[in-house]
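User: I would like to learn how to read a structure of this kind feature by feature, beginning with single residues and ending with the fold. Could you take me through it, with the general idea before each case?

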Amino acid sequence: MIEYDSKDSIASSDFYAVVNTEECTGCETCLERCHFDALTMKNDVCQVDISHCYGCGLCITECPTEALSLVQKSEEELTAPPLDDIEWRERRIKARMN
Ligand code: SF4
Ligand code: SF4
């Protein structure tokens, strides 16, 4: 998905990471954990690019100060699970065409 800039073409998440900037010590551990290039540093504080975050939670488990957490998207942004395999495939096709 990252290689072809095709977000949500296989799966999507209803969550994304947020940073408590008061708790972030700038250790950059989370940058190594994120496989989606969603994290950067600005003025020694971690920042999340929500458009690249898949809500996997990998960054959160290693943050030494518990500055990271997952929050659920708003009601309007939530994605209902596909009804069956056919709908899942149709969604993948649409996502790849975007
Ligand atoms: S792992 Fe936690 S403390 Fe370290 S840079 Fe990331 S958010 Fe900040
Ligand atoms: S939740 Fe996953 S995708 Fe989002 S910033 Fe953390 S490691 Fe990256």
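Analyst: Let us begin with exposure, bearing in mind that this is a predicted model. The idea is to count how many other C-beta atoms surround a residue, and a residue is exposed if 12 or fewer lie within 10 Å. Glu-75 counts as exposed because it has 6 C-beta neighbours inside 10 Å, and its place is in the loop between strand 4 (68-72) and helix 3. Its C-alpha atom is 26 Å from that of His-35, the two being 40 residues apart in sequence.

User: Is Glu-23 buried, exposed or partly exposed, and where does it sit?

Analyst: Glu-23 is partly exposed, because 15 other C-beta atoms lie within 10 Å, and its place is in the loop between strand 1 (15-19) and helix 1. Leaving aside neighbours within four places in sequence, Glu-23 is in contact with Thr-65, Glu-66 and Ala-67. Ala-80, by contrast, is 57 residues from Glu-23 in sequence and 33 Å away from C-alpha to C-alpha.

User: Which way should I read a separation in sequence against a distance in space?

Analyst: The two numbers are best read side by side, and Arg-89 gives another case. Arg-89 and Ile-10 are 79 residues apart in sequence, while their C-alpha atoms are 8.9 Å apart. Arg-89 lies in helix 3 and counts as exposed because it has 11 C-beta neighbours inside 10 Å. For the protein chain as a whole, among contacts between residues at least 6 apart in sequence, 66% join residues at least 24 apart.

User: How can I check that the length of helix 3 is sensible, and how many of its residues are buried?

Analyst: One multiplies the rise per residue, 1.5 Å, by one less than the number of residues. The 13 residues of helix 3 (residues 85-97) should therefore span 18 Å, and the end C-alpha atoms are 19 Å apart, which agrees. Helix 3 is hardly covered, since the count of buried residues among its 13 residues is 0.

User: What should I look for in the backbone angles?

Analyst: Most residues other than glycine have a negative phi, so a positive value in such a residue deserves a second look. Asp-37 has a phi near 55° and lies in the loop between helix 1 (29-33) and strand 2 (39-42). Asp-37 is exposed because 11 other C-beta atoms lie within 10 Å. Asn-43 likewise has a positive phi, near 55°, and is found in the loop between strand 2 and strand 3 (45-48). Asn-43 is exposed as well, because 7 other C-beta atoms lie within 10 Å.

User: In what sense do strand 2 and strand 3 pair, and over how many bridges?

Analyst: Strand 2 and strand 3 pair in the antiparallel sense over 4 bridges, and Met-41 has Cys-46 in strand 3 as its bridge partner. The two strands form a hairpin with 2 residues between them, and Asn-43 is in the turn.

User: Which residues touch the most other members of the largest nonpolar core?

Analyst: The general idea is that, in soluble globular proteins, nonpolar side chains tend to be buried together. Here the largest nonpolar core has 13 residues, of which Cys-30, Leu-39, Cys-59 and Leu-68 touch the most other members. Beyond four places in sequence, the contacts of Leu-39 include Cys-30, Cys-34, Cys-46, Val-48 and Cys-59.

User: Which residues come nearest to each ligand?

Analyst: Around ligand 1 there are 14 residues, and Cys-24, Cys-27, Cys-30, Cys-46 and Cys-63 come nearest. By class, that shell has 9 nonpolar, 4 polar and 1 charged residues. Ligand 2 also has 14 residues around it, with Cys-34, Ala-38, Cys-53, Cys-56 and Cys-59 nearest, and its shell has 11 nonpolar, 2 polar and 1 charged residues.

User: How, finally, do the elements of the protein chain run from the N terminus?

Analyst: The secondary structure comes to 3 helices and 4 strands, and from the N terminus the elements run β-α-β-β-α-β-α. The C-alpha atoms fill a box of roughly 45 × 30 × 20 Å along the principal axes, and buried residues make up 13% of the 98 residues in the protein chain.

Terms used: Residues are numbered from 1 along each chain as its sequence is written. Chains are lettered from A and ligands numbered from 1 in the order in which they are written. This is a predicted model: local features need pLDDT of at least 70, side-chain atom pairs count only at pLDDT 80 or more; totals for chains, interfaces and linings use all residues. A nonpolar core is a set of buried Ala, Val, Leu, Ile, Met, Phe, Trp, Tyr and Cys residues joined through C-beta atoms within 7 Å. A residue is buried if 20 or more other C-beta atoms lie within 10 Å of its own, exposed if 12 or fewer, and partly exposed in between; C-beta atoms are placed from the backbone. Two residues are in contact if their C-beta atoms, placed from the backbone, lie within 7 Å. A residue is near a molecule or strand if its C-beta atom, placed from the backbone, lies within 6 Å of it. Ala, Val, Leu, Ile, Met, Phe, Trp, Tyr, Cys and Pro count as nonpolar, Asp, Glu, Lys and Arg as charged, and the others, Gly among them, as polar. Two strands pair if DSSP finds at least two bridges between them.
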